[in-house]
Amino acid sequence: MTDKFDKEPADATPSAAVSKEGGALPPEAIKAIPVRHYGRWVSGVVVLALVALLVNAFATAEKIQWNAVGEYVFDSTVLAGAGRTLLISVLAMVMGVVLGVVLAVMRLSKNPVTSWVAWVYIWFFRGTPVYVQLLLWFNLALIFPVLNLGPIYKDEMVDVMTPFMAALLGLGLNEAAYMAEICRAGLMAVDEGQTEASHALGMSHAKTLRRIVIPQAMRVIVPPTGNEFINMLKTSSLVYAVTYNELLRATSTIGSTSYAVMEMLFVACIWYLVMTSVFSVFQYYLERRYARGSLRQLPPTPWQKIKANMLGLGSERGK
Amino acid sequence: MTAMVKAEGVHKSFGAVQVLKGIDLEVKSGEVFCLIGPSGSGKSTFLRCINHLEKINAGRLYVDGELVGYRQKGDKLYELKDSEVAQQRRDIGMVFQRFNLFPHMTAAENVMEAPIQVKGVSKAQARERARELLDRVGLADKAGNYPSQLSGGQQQRVAIARALAMDPKLMLFDEPTSALDPELVGDVLDVMRDLAESGMTMVVVTHEMGFAREVGDSLVFMDGGVVVESGDPREVLTNPQHERTQAFLSKVL
C-alpha cells in the first residue's frame, strides 16, 4: 500500500533524467542588470552618520570617567548586587511559575469557587502596579505588627518582612498572575481533538494532561515565559524601593559616594545586558526543544549555522 | 450472533438543538456497520456516543452487553466515575476525521503511548507491537517520523495502528477519509478492508459508498437525527425505498 504511494515519485525521476540525457539543453540562466536601490544607500549613510555622532558624543565627553566604569565593573559590591538581582529574579520566577500553573488549573477547573478565586487574584495582581505591591508588602507591619499563624508560627512582622521577603513576595505574587494567564492560554491552545483522542484510547484525565496536553502547551508557554524572565531581571530593579541591596542599589550607593553617578549606571546597564543576553541564548535552545514535531525541520542552532557556512565556503573553494 | 453495540431510543441534544431523536439499532459482533447520511444528520454524534465522548440524554446504549457511561442498580442510573469510563473506552478504538495524532511524538511513539500508559505494557514490548502494527498498515519505514512529516493518508493509517494497539473489540471510524486528498483515500480504505476481513467489528461513518457496498455488512441511512432506512448495503444503495434516501443517494452517487 505504501509502495504505491512511494513509488510514483521514484518512477518519475528516472524518466525525467532520460529526457535530459536525450539532448534537451539546460535553460540559460537570466543575466540581467539588477535594479539600483539608491534610496537604500542614502538612508544607510544617514543612519551611519547619526550613530557615529552619538558614539562620538559619549566617547569624547570629558565629564565621563570611562576608567571608573572599567574599575567598578568587577567590583565585589557590584558583583554581589548582580548576584542578588539574579537570585531574587530566579526565586520570584520559580514562585510565579508554580503559583501560575496552580492558578491556571484553578481558573480552568469546573469548580466555580476555585475558578472565581483565581479570577479575582489575577484581577488584583495584574490590575495594580508591581511597585505599589512591593510597598504594600514592605509596609505590612503597619497594620499587622505581629504575624500570627495560630499554633504554627508567631513572630514580629518587621522580623519576617525583611527587604528580601518583601521583594520576593512582591515580585513573585505579581508574576504568578501573569504566568497564570500564559499557562491558561497555552493549555487552551491545544486542539480539543488531542484530548478526545487520548480519552478514546482510555487514558485518564491526569495522564492526558501530563503526557498529551502539557507537552504541546509548552510550545506556546515557553517563549512568553522566557520574555517574562528577562522582564523580571529588569523589573527586579524596582525592589530598590524596599531597600533590598540588588544591582541597581549597589551601584547607586557607590555612585553617590564617589560622584560617578552616570558611570555606575553604565556599570548596572552592562550587567543587566550580560544577564538578559545569556538568558536569550538559553531561551532559544529551550524553544527549539519544544518545537519538536511541529516543525518539519528544526531551525539550526547558531553553532550549526557557523559549521554549515564553513563547509559551504570550503566546498566552493574546492571547485 | 451477539450484539456488539445496541442502541435503544438514544436521544442527544446540544442545548436546545436535538441532534439524535431516538436511535434504535444493533451492530452484530464481527460485522462492518456503515452509517451514511447528509452532514448534520447526527451520524458522527451517534458514533461519539458509543464511546461516551458525548453523553446521551435519553435511551440506553450498550457495548458488548455493558451500559455505556452508566451503571444501573434497580431502576436507578448512576454515572460512572471518569476512571470507569476510561476503562470502558480501552476496548473501543476510534479513528477521527482529522487523525488527531499526537504531534510531539513519532509514529511509533503514538502507537506505543496508550499500551504503556494505560495497560502498563513494557516499553520493549510496546515497541515490538508498534513495529508489527505499523508494518500491517504499510508504514514500517515511517516509525521514526513525526506526524507533520507524513501525508494525510499515512497519518490516518498511523491513527488506525494506534487504535489497534489497545486490542479493541470494536473500532469506530468517524469519516476516516473525508480529510484526505482523493488519491490517498485508497490506501486507508485498503487497511480498513484488511481489518474487516480479519473479523473486527467496525462502525463506519462514511461518504465512501463504494466501500460501504463492497465491505459493509449492514448499512443505516440517517437524516435529521433518526434512522430513515437500514438493511443490506447493496440493496439500500441500489434500490432505496425511502424518498429521502433516494434524494441523498442521487446527489452523492
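1. A residue is called buried here when its relative accessible area is under 20%, and by that cut-off buried residues make up 31% of the 319 residues in chain A. The model is a predicted one, which a reader new to the structure should keep in mind throughout the points below.

2. Chain A contains 13 helices and 2 strands. Among the contacts in this chain between residues with a separation of 6 or more, 71% link residues that lie 24 or more positions apart. The chain exposes about 20300 Å², and carbon and sulfur atoms supply 68% of that area.

3. One feature on the surface of chain A deserves a point of its own, namely a nonpolar patch formed by V113(A), W116(A), V117(A), W119(A), W123(A), F124(A), V132(A) and L136(A), which together have about 850 Å² of accessible area. Two elements of chain A, α5 (112-127) and α6 (130-138), each give two or more residues to this patch. The largest share comes from α5(A), which gives 6 residues.

4. Within that patch, W119(A) may serve as an example, and its place is in helix α5 of chain A. Is W119(A) buried, partly exposed or exposed? The residue has a relative accessible area of 40%, and it is therefore classed as partly exposed, since that class covers the values between the under 20% of buried residues and the over 50% of exposed ones. Patch membership asks for over 30% relative accessible area, a cut-off that the 40% of W119(A) satisfies.

5. Turning to the interface, the contact between the two chains takes 38 residues from chain B and 27 residues from chain A. The area buried between chain B and chain A is about 2800 Å², and carbon and sulfur atoms give 55% of it.

6. How many salt bridges does the rule find across the interface of chain B and chain A? There are 2 of them, including the one that R48(B) forms with E196(A), in which the closest N and O atoms are 2.7 Å apart. Across this interface there are also 7 residue pairs in polar contact, with both residues of each pair at pLDDT 80 or more.

7. On the side of chain B that touches chain A, the elements that give two or more residues are α2 (82-89), β8 (92-95), α3 (107-119), α5 (152-164) and α6 (182-197), each belonging to chain B. Of these, α6(B) gives the most, with 5 residues on that side.

Terms used. Residues numbered from 1 in each chain as written. Chains lettered and ligands numbered in written order. Predicted model: local features only at pLDDT ≥ 70, side-chain atom pairs only at ≥ 80, totals over all residues. Heavy atoms only, no water. Patch = residues over 30% accessible without salt bridge, like charges linked within 9 Å, V, L, I, M, F, W, Y side chains within 5 Å. Areas by Shrake-Rupley, 256 points an atom, 1.4 Å probe, with all protein chains shown as cover. Salt bridge = Lys/Arg side-chain N within 4 Å of Asp/Glu carboxyl O. Helix = DSSP H or I, 4+ residues; strand = E, 2+ residues; numbered from the N terminus. Buried < 20%, exposed > 50% of the residue type's maximum accessible area, 1.4 Å probe, protein only. Contact = heavy atoms within 4.5 Å. Buried area = accessible area lost by both parts, 1.4 Å probe. Polar contact = N/O pair within 3.5 Å; in protein donor to acceptor, adjacent residues only side chain to side chain.
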